[in-house]
Amino acid sequence: MASPAGLRPATPPAIPGAAAVAACTAMAVSYVAVLYAPTVILRFPPPTSLRSFLHRRFACAAVASTASALATAALLRVWSLSDFADMLAVFGIRKDHLLQAVVIPLLLTSLVYAGSFINRLWLLASLRGGNGDEVGIGCTQRLVLRIQAAIDDVMVWRNYVVAPFTEELVFRACMIPLLLCGGFKMSTIIFLSPVFFSLAHLNHLFELQQQGCNFMRSLLIVGVQLGYTVIFGWYAAFLFIRTGNLLSPIVAHVFCNMMGLPAFSSPQTKGVASVAFLAGSICFFCLLFPATSPELYNTRLDRCRCWHGFCNWK
């Protein structure tokens with residue numbers, strides 16, 4: 001696979017597989033547990049608004065992410081690398097090939113949402129029908145207002161900034177290097193790491209119960225969420241391993257949060273959305289490996305089974 005330019009590890013930081021799994025489990029649990037620290041451990045008063053509640057959670061997520069990154073750096077002994085850029089590259093934080101790391105995964109991910117795009121275009125066409133430019137001007141004004149509202153919306157920051165960046169840092173950039181150095185195969189890591197990602201969403205069951213939702217309904221909702229997070233986790237881990245760049249899964253994460261579940265069908269489009277979804281999905285799977293080829297994202301390729309050259313450390 002590929003290795004970022006300039007990354008030439010010198011010492012072997014191999015760790016036991018059990019230790020890697022234990023560290024990943026601890027990171028997943030701490031990422032959730034720290035969210036409740038202000039009220040349970042620090043005994044802060046309950047937040048008085050959604051904004052203050054999420055601001056607390058943003059701070060907790062930042063603490064958990066920083067702690068996970070420092071723990072990973074200590075376990076892998078990245079301090080032994082001579083260059084600071086090389087240390088960051090272990091986590092997939094790189095400044096080279098940024099355009100490829102953003103655009104290609106974004107276009108690839110959008111193929112699964114072909115049906116959703118058809119639905120939205122169909123809706124837009126129906127709204128424009130008969131109103132001409134007047135509706136177009138109205139749409140532009142509404143778009144500007146939506147952007148202004150989004151900047152001030154704390155949920156936008158949660159869904160499109162804090163959650164994607166902190167979750168991908170912990171569950172991809174920290175855990176995958178640990179599992180690689182723990183001796184796990186690429187395929188095992190791709191299917192194993194989303195298990196930790198799902199653990200971080202089990203707290204939703206507790207929160208739904210607190211909101212008065214009955215247990216079976218809460219279980220069903222969380223079950224669907226866990227299924228979706230596992231599938232996305234497979235894809236995000238695949239992107240991170242193939243590209244070696246943390247931006248790739250982050251971009252996919254933000255885009256999927258914006259779009260929601262892909263639209264499989266819609267009665268309004270008379271089957272067009274279903275055909276678009278099927279065609280987009282076929283194209284997605286056909287292009288999955290070519291579009292994520294390590295050659296596209298790295299200057300130099302090594303005869304190495306991992307993109308960051310960790311196998312040379314063993």
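Modeller: A salt bridge is counted here where a side-chain nitrogen of Lys or Arg lies within 4 Å of a carboxyl oxygen of Asp or Glu. The structure is a predicted model, in which local features need pLDDT of at least 70 and side-chain atom pairs count only at pLDDT 80 or more, while totals for chains, interfaces and linings use all residues. Residues are numbered from 1 along each chain as its sequence is written, and side-chain values use heavy atoms, with hydrogens and water left out.

Colleague: Which residue forms a salt bridge with R172?

Modeller: The structure holds 3 salt bridges, and in the one that R172 forms the closest N and O atoms are 2.7 Å apart. Both partners lie in helix α8, where helices are DSSP runs of H or I with at least four residues, numbered from the N terminus, and they are 4 residues apart, about one turn of the helix. Both are also buried, a word that stands for under 20% relative accessible area, with exposed for over 50% and partly exposed in between (1.4 Å probe, protein chains only). The partner of R172 is E168.

Colleague: How many residues apart in sequence are the parts that D152 and R51 tie together?

Modeller: The side chains of D152 and R51 meet in a salt bridge, with 3.9 Å from N to O. Because D152 belongs to helix α7 (residues 133-152) and R51 to helix α3 (residues 50-76), the pair ties together parts whose separation in sequence is 101 residues.

Colleague: Is D152 exposed or buried, and how does R51 count?

Modeller: D152 has a relative accessible area of 52%, so D152 is exposed. R51 reaches 38% relative accessibility, and therefore the class of R51 is partly exposed.

Colleague: What is the relative accessible area of D96?

Modeller: D96 forms a salt bridge with R94, and the closest N and O atoms of this pair are 2.6 Å apart. R94 is buried, with a relative accessible area of 10%. D96, by contrast, is partly exposed, with a relative accessible area of 24%.

Colleague: What is the angle between the planes of Y31 and F171?

Modeller: The structure holds 8 aromatic pairs, which are rings of Phe, Tyr and Trp (its six-membered ring) with centres within 6.5 Å, called stacked when the planes are under 30 degrees apart, edge-to-face when over 60 and tilted for the rest. Y31 and F171 form one that is edge-to-face, with 5.5 Å from centre to centre and an angle between the planes of 75°.

Colleague: In which helix does F171 lie, and how far along the chain is Y31?

Modeller: The pair links distant parts of the chain, with F171 in helix α8 (residues 154-181) and Y31 in helix α1 (residues 17-33), 140 residues apart. Y31 is buried with a relative accessible area of 7%, and F171 is buried with a value of 0%. To name what was asked, the distance along the chain is 140 residues, and the helix that holds F171 is α8.

Colleague: Why is the pair of Y113 and F255 described as it is, and which residue joins them in one aromatic cluster?

Modeller: The ring centres of Y113 and F255 are 5.4 Å apart and their planes stand at 90°, so the pair is edge-to-face. Y113 lies in the loop between α5 (98-110) and α6 (114-128) and F255 in helix α12 (residues 247-259), so parts that are 142 residues apart in sequence are tied together by the pair. Y113 and F255 are buried, and the residue that forms one aromatic cluster with them is F117.

Colleague: What is the phi of R77?

Modeller: Most residues other than glycine have a negative phi, and most peptide bonds are trans. R43, in the loop between α2 (37-40) and α3, has a positive phi near 60° without being a glycine, and R43 is exposed at 68% relative accessible area. R77 lies in the loop between α3 and α4 (84-90) and counts as partly exposed at 41% relative accessibility. R77 is not a glycine either, and its positive phi is about 55°.

Colleague: At which residue does helix α13 bend?

Modeller: A bend is the angle between axes fitted to the seven residues ending at a residue and the seven starting there. The buried residues of α13 include A276, F277, G280, F284 and L288. Helix α13 (residues 272-291) bends by about 30°, and the residue at the bend is F285.

Methods:
Helix = DSSP H or I, 4+ residues; strand = E, 2+ residues; numbered from the N terminus.
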